[in-house]
Amino acid sequence: MPRPVPLVTPRESALPWHAQAADTVVATLDSHAEHGLTSDDVLARRARVGENVLAATRRRRVDRLILAQFRDVMVLVLLGAALIAGVLGEPEDTIAILAIVILNALLGFVQEFRAERAMAALGALSAPAARVRRNGKDETVPASALVPGDLVLLEAGQIVPADVRLLTAHALRVEEAALTGESQPVTKQQTPVGGDAPLGDQFSMAFKGTIVSAGRGCGVVVATGARTQLGRIATLLEETDDARSPLQQRLAAFGRQLALLVIGLCVVIFAAGLLRGEPLGLMFMTALSLAVAAIPEALPAVITVSLALGARRMVRREALIRRLPAVETLGSVTYICSDKTGTLTENRMRVDSVRWGDGVHIDVAQWSHEHDTGIRPTELLALCNDVVQQPDGSLVGDPTETALVEAARHHGVDYETLTRQWPRLEEIPFTSERARMTTVHRRADGNAEGVLVCSKGAPERMIRDCTHMHTAQGLVPIDADRVMDTADGMAAAGLRVLALATRTMPTMPSPLDAVERELHLLALIGLLDPPRAEAQEAVRVCQRAGIHVVMITGDHPATARAIAQRLGIAGPEDDVLTGAALLALDDEALAERVSRTRVYARVTPDDKVRLVQALQAQGEFVAMTGDGVNDAPALQGANIGVAMGRGGTDVAREAAHMVLLDDNFATIVNAVREGRRIYDNIRRFVRFVLSTNAGEIWTLFLAPLIGLPLPLLPIHILWMNLVTDGLPGLALSAEREEPGVMERPPRPPKESLFAHGLWQHAVWVGLLMALLALGTQAWALHHNNPRWQTMTFTVLTLSQLAHVLAIRSETRSMLAIGWRSNPALLGAVLLTTALQLLVIYHPGMAGIFRAAPLTLFEFLLCVGISALVFVAVEVEKVFIRHWGWYGTTARRT
Ligand code: ATP
């Protein structure tokens, strides 16, 4: 039996909350049914019961992160090698290997720590919020800030933020599958239920973590955090993490294959060395170091870091990533299906024109007509409305409804007084599917008999239930065609059209549906919602980037068409497909239509799911926006589900891959742009690492074949692995976006990371580096130069730096990019060069690295030889630019 322990310790005999009368619960919790708690109450209670969270958020602890750096197989192998070196009596090697392992771990830790922090910050941003009434004012607070006694407001699409005893419930339906396993929504009520009712029958309660699927309600918080019903079973709900992106999975698989190849080569190198009479210990260490250096075991981790840091950049531009792989896949989007209201438009509505059903314009200032209740028409404009007026006079609520209240206020209606004079008895809430809303009112002073019904919604839905319409000449029988012509005309001007109708009834009917019949049409109201200024440009960017923009709206087809034309989404010839027409199409016919339809109107969330599937069946990669509770399946089904951060519901946000904090269409396009940049940078990094590793392998593999002694010592290999792979590689990810990043077609989602010549590049650049290094070695040996090994080592290191500078772009020459546009990279290259000088010229370091100080001539010679790599890659780019090498033409700007 639920016996939450909030602030009061219930007596043994006390009834559970669901069995107590609502006002008793409020009194017991020392709250106030109208004003809620005061700020002081809240502070005092939070101090006593703590935050409303299930368990301490599972941030990976710092020490675990450090430990993780040493759990890698390669690191363990290296530690083993250090031990063996010590046993073999090479203490310098032991020290050097340990130093390298520690440096490596430090670098990995710093990166992952940054990524972790970035993700934790994003997690905090996407934490759910709750609507509460405190100090008599409605406000939005993080759900974690709720305390027992708080008054919370519930509405469709919300995730219930705490365990709540309901004080009011209007058609409130809650889906409790998370708690009871029952997938059918349960209708909630305010009246108490029996004390021994099981959880699923406690209709007077709403429980944390369940979903409000319809209606509205208000309740008092009786339990928070671990004391909620959900808190008791929270251990069962360990989050499942599906965070590995397709790219990471493919890379991990690739890494395993490469590892096998490298190990095979290392065995060959080891055997060849022994045959040539090299010492066993040295050959063992060489093969081992090479394996450690050349197996790109860190690639998947590096990609996580790039994605996480990319996500952090995106949130600065109002795109909050909820699923990390989305960062990578955004670049593949071929279709963006966007809601109209609020995403493509500003969602700042204003009443633009009001007409009688026969089309005659109404001057609202002069608007009057006989109504049997005596209510004025301007008052009716604002009556069927959920907007709340705050003590400071500001209005909180849906923009469509706010516009109506504002228009009424503008014409002298006092909204506060109106809602007091005409208290609401019942309501049938608005849903997108119904596209209408109805309220029933009683006159508070009792002067009027019966009840007043007020209904508003999409004209074609309302008209069926209207028997009469008001005109300048008085009440006349409805002329449905005339009304629809008027509505269509207003919609064609880009206005959102609402029909407003009323009736009076002697008593409240049962069932309630009867109130939506035999209505009198009062007027048609046209609301103006201007397109967002930046949306037009964003649509144009999409079109250049090979991304189709589709508008999906619950609004009227003519309104949709007008706005779509203004934004450049559709031309005057393009047709608009309505939800009803969509329903009539079978899958085959739909497949044919989706590829040319740009505007869908009067669609329901179910239609959205079908559209996503139809587009995906054509091989498209779909981003779909949504905000309502019923949009969740479409968001989940889309390749990138995009929820609204401001206007959206919790349920939509939970289902989405990405949340638009500013609800703005242009933000999606910016995120796609950022996704493309991040993918490009991951490619750069992989290109760099693989080429570098190939260089090292070729060098050690070819040396014995052309009769040269072992060119490098293990310590050299490890040094290159850390320093030349590490710093410049990381700095590559700071590369800015390529010009024209939004002027090439989307990357096919299945395209391999190695497409467009990546592996060919790695193979030939690696070979070139090896030949240059071995050539230097042969030349120096030929001249009996004792510093041949230091020269070989230096050429290999510097040629990797030359390479990293050249591959900042796959197509554009360095001269075009400019040297200073990536200062981090330039810094990394200079720093690495300085470290290499230190290794050669500092006596202590040179001792460890068995290096000898090169003469100035020798050093400059090494620089010159290494620079050839840069020149060669620049020549490769010329081939790519002019002859479309590697099939790169499609990517060209
Ligand atoms: P989208 O955001 O997908 O572009 P939308 O917000 O325009 O769609 P809905 O909010 O589902 O679509 O509205 C659909 C229709 O319902 C509107 O065209 C309007 O006629 C009617 N409508 C909208 N809001 C209300 C409301 N608060 N009360 C009554 N009817 C409404």
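Start by selecting D201 in this predicted model: the residue sits in the loop that joins β5 (186-187) to β6 (205-206). Colour by accessibility and D201 comes out partly exposed, because its relative accessible area is 36%, between the 20% and 50% cut-offs. Now add V186 to the selection. The two residues are 15 apart along the chain, and their C-alpha atoms are separated by 8.5 Å.

Next, jump to Q390, in the loop between β11 (388-389) and β12 (395-396). Is Q390 buried or exposed? Its relative accessibility is 7%, so Q390 counts as buried, the limit being under 20%. To see what Q390 touches beyond its neighbours within four places in sequence, show K137, D138 and V396.

Then move on to the ligand. Select its shell and you should get 21 residues, with K340, T341, R496, D555 and R602 the closest. Colour that shell by residue class: nine are charged, seven nonpolar and five polar.

Which strands should you highlight here, each supplying at least two residues of the shell? Pick β14 (436-441), β15 (451-457) and β18 (496-505). With three residues, β18 gives the largest share.

Finally, zoom in on a few polar atom pairs. E401 places a polar side-chain atom 2.9 Å from a ligand nitrogen. At G554, look at the backbone instead: an N or O atom there is 3.1 Å from an oxygen of the ligand. For S432, go back to the side chain, where an N or O atom lies 3.3 Å from a ligand oxygen. Switch on the surface to finish: the ligand alone exposes 620 Å², and the protein buries 91% of that.

Terms used. Residues numbered from 1 in each chain as written. Predicted model: local features only at pLDDT ≥ 70, side-chain atom pairs only at ≥ 80, totals over all residues. Heavy atoms only, no water. Helix = DSSP H or I, 4+ residues; strand = E, 2+ residues; numbered from the N terminus. Buried < 20%, exposed > 50% of the residue type's maximum accessible area, 1.4 Å probe, protein only. Contact = heavy atoms within 4.5 Å. Near = heavy atom within 4 Å. Polar contact = N/O pair within 3.5 Å; in protein donor to acceptor, adjacent residues only side chain to side chain. Areas by Shrake-Rupley, 256 points an atom, 1.4 Å probe, with all protein chains shown as cover. Nonpolar A, V, L, I, M, F, W, Y, C, P; charged D, E, K, R; others polar.
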